[in-house]
Amino acid sequence: MARIVMFWLLQFVWMLSLCCSAFNSQDYTDALAKSILFFEGQRSGKLPSNQRLAWRGDSALSDGTPEHVDLVGGYYDAGDNVKFGLPMAFTTTMLAWSVIEFGSAMQGEIQNARAAIRWSTDYLLKAATATPGTLYVQVGDPNVDHKCWERPEDMDTARNVYKVSTKNPGSDVAAEMSAALAAGSIAFKDSDPSYSSKLLQTAMKVFDFADKYRGSYSDSLGSVVCPFYCSYSGYHDELLWGASWLHKASQNHSYLAYIQSNGHTLGADDDDFSFSWDDKRVGTKILLSKVFLAPKNILQNITSFHLINMFYLNFLQNFLDTNAEQFQLYKIHSDNFICSLIPGSSGLQAQYTAGQVYFQSLSKYL
């Protein structure tokens, strides 16, 4: 599921292709459709009547039973029958981000893209609200699951449930769930305002839980999350990532203040050249760089009251004046990361296969 990063990049390339006569936009339209269709093949739970992949049937309809909660739904991970919370939440965040950035160009696929997001956010809502002070972060024991390759419709392995709590924290997975719900709230803001609000309110509560009860879920659940999706980078990057998405979704200045106050100790000053389900620092800085580069554009998302607009504008301007150096550093790090991927750039660090000829032909448009 962490391969959603490629899905997001695919849509960026697809958008570029529309302005380049050398490329057939229909090819990228088909690729986009198939990328979204992939998620329907990963669905767990009771499938809807409009399920397009008819070979996939209902599965895991009793998930959550050991804990007397409803954890039916969500996505299986790759070829496994395990529902891993950390990569699933990251996948959701990235899928929502792609809709936020490129949804207007998805045309006939936008409804399918939103359906893919909602299949996960519905599950994450259950996992976050079923029991106070608890987040359910995984269903299925990977050590057992990996010993038996079988269709989810036929599986007979135990559906163990794993959770983090106030006594056994998991700030990394909790903050990523918060980011996913916050990003999802933006993706549904116009099409389903009520659902969007529910996602945002839950995201705030989950983030508070992640920040108040700090610790890595790899320490709390090491035997079933490591080495599969062990949080090698720790939880600091997820806290910044979650706060950044909550700021974008809520326009609540307290999240910018949180980043400013905690950024130095949570690793925001470190340059980085990777972005994955485990390490979110680059993605965080790209989000925050937009705040630094175009603060006035943020007001377009605030429509409640003119007084609130003016209050937020004044706060934001003062905040940026005070923290310009910190945000400029985020932009520099973001530029370094992008340049590390572009053939022909002096900062190139990536290695490409023969397909690099194609990427080089695109680089003049970047």
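## Close-up views of a predicted model

**Figure 1. Overall view of the protein.** Of the protein's 366 residues, 54% are buried. Please keep in mind that this is a predicted model. Its secondary structure consists of 14 helices and three strands. When contacts between residues at least 6 apart in sequence are taken, 72% of them join residues at least 24 apart. The accessible surface amounts to about 16,500 Å², and carbon and sulfur atoms account for 55% of that area.

**Figure 2. The largest nonpolar core.** Here we look at a core of 82 residues, in which Leu135, Met177, Tyr217 and Trp241 have the most contacts. The core lies between domain 1 (29–235) and domain 2 (279–365), because both domains give residues to it. In soluble globular proteins, nonpolar side chains tend to be buried together.

**Figure 3. The surroundings of Trp241.** Let us stay with one of the core residues. Beyond four places in sequence, the residues that Trp241 touches include Phe90, Thr93, Met94 and Trp97. Glu176, Ala179 and Phe275 are also among its contacts, as are Lys280, Gly283, Thr284 and Leu287.

**Figure 4. Asp278, a buried charge without a salt bridge.** Asp278 sits in the loop that runs between helix H11 (253–262) and helix H12 (281–293). Which side chain of opposite charge is nearest to Asp278? That is Lys280, 6.6 Å away, and Asp278, although buried, has no salt bridge. Apart from neighbours within four places in sequence, Asp278 is in contact with Cys230, Ser231, Tyr232 and Ser233, and also with Asp237 and Glu238.

**Figure 5. A salt bridge across distant parts of the chain.** The structure has 15 salt bridges, and one of them pairs Arg159 with Asp63 at 2.9 Å, N to O. These partners are 96 residues apart. Arg159 belongs to the loop between helix H5 (142–145) and strand S3 (161–165), whereas Asp63 belongs to the loop between helix H2 (25–41) and strand S1 (83–84). Both Arg159 and Asp63 are buried.

**Figure 6. Further salt bridges.** In the pair formed by Asp211 and Arg214, the closest N and O atoms are 2.7 Å apart. Asp211 counts as partly exposed because its relative accessibility is 23%, and Arg214, at 34%, is partly exposed too. Arg281 and Asp279 form another salt bridge, at 2.8 Å from N to O. Arg281 is partly exposed, with a relative accessible area of 22%, while Asp279 is buried at 7%. Elsewhere, Arg56, Arg151, Glu153 and Asp154 are joined into one network by salt bridges that share partners.

Note on methods
Residues numbered from 1 in each chain as written. Predicted model: local features only at pLDDT ≥ 70, side-chain atom pairs only at ≥ 80, totals over all residues. Heavy atoms only, no water. Helix = DSSP H or I, 4+ residues; strand = E, 2+ residues; numbered from the N terminus. Buried < 20%, exposed > 50% of the residue type's maximum accessible area, 1.4 Å probe, protein only. Contact = heavy atoms within 4.5 Å. Areas by Shrake-Rupley, 256 points an atom, 1.4 Å probe, with all protein chains shown as cover. Core = buried A, V, L, I, M, F, W, Y, C linked by side-chain atoms within 4.5 Å. Domains from an automatic or database assignment. Lys, Arg positive; Asp, Glu negative; His and termini not counted. Salt bridge = Lys/Arg side-chain N within 4 Å of Asp/Glu carboxyl O.
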